[in-house]
Amino acid sequence: MQQGKGNGGFALFCCFIALGVSAAIAFITYLLPLINEDIAVGGNVMEILDLAFKIFVLIGLSTGALAFAFRRGGFVKFLAMLFVLVFVVAIVLDIVGII
């Protein structure tokens, strides 16, 4: 089925990519050490994976939520943009070490 203009194809693609990357990161950080006890994910690697996880979740959730919101009324659009803004601010504060 061909994706037409305005049907949320890009948002759905972003959600799919975010899910895949997040699943890979979850596998590396949580499941792989359970499978093989000799594998340990160190501090810097964990920080990088955690940051990548947060960014990809932000991208996936934001694009999906905004695609939904832009098909609804103004209040839903406002809430979605507010939620995305809060998420972005929280990630930025985490990156700079305030949170």
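Let me start with how two helices pack in this predicted model: helix α2, residues 43-69, and helix α3 meet at an angle of about 170 degrees, with their axes 9 Å apart, where axes are lines fitted to C-alpha atoms over the stretch in contact and angles run from 0 to 180 degrees between N-to-C directions. The two helices are therefore roughly antiparallel to each other, a label given to angles over 145 degrees. Their contact, meaning heavy atoms within 4.5 Å, includes L58 and L61 of α2 and V84 and V88 of α3. Helices here are DSSP runs of H or I with at least four residues, numbered from the N terminus.

Staying with α2, K54 forms a salt bridge with D50, the closest N and O atoms being 3.1 Å apart; the term requires a side-chain nitrogen of Lys or Arg within 4 Å of a carboxyl oxygen of Asp or Glu. These residues, K54 and D50, are 4 residues apart in the helix, which means about one helical turn separates them. The whole structure has 2 salt bridges.

Now, confidence: mean pLDDT, a score from 0 to 100, is 84 for the protein, and among its elements α3 has the highest mean, 92.

Finally, residues are numbered from 1 along each chain. Local features need pLDDT of at least 70, side-chain atom pairs count only at 80 or more, while totals for chains, interfaces and linings use all residues, and side-chain values use heavy atoms, leaving out hydrogens and water.

Definitions and conventions:
pLDDT = per-residue confidence, 0-100. Parallel < 35°, antiparallel > 145°, perpendicular 65-115°, else oblique.
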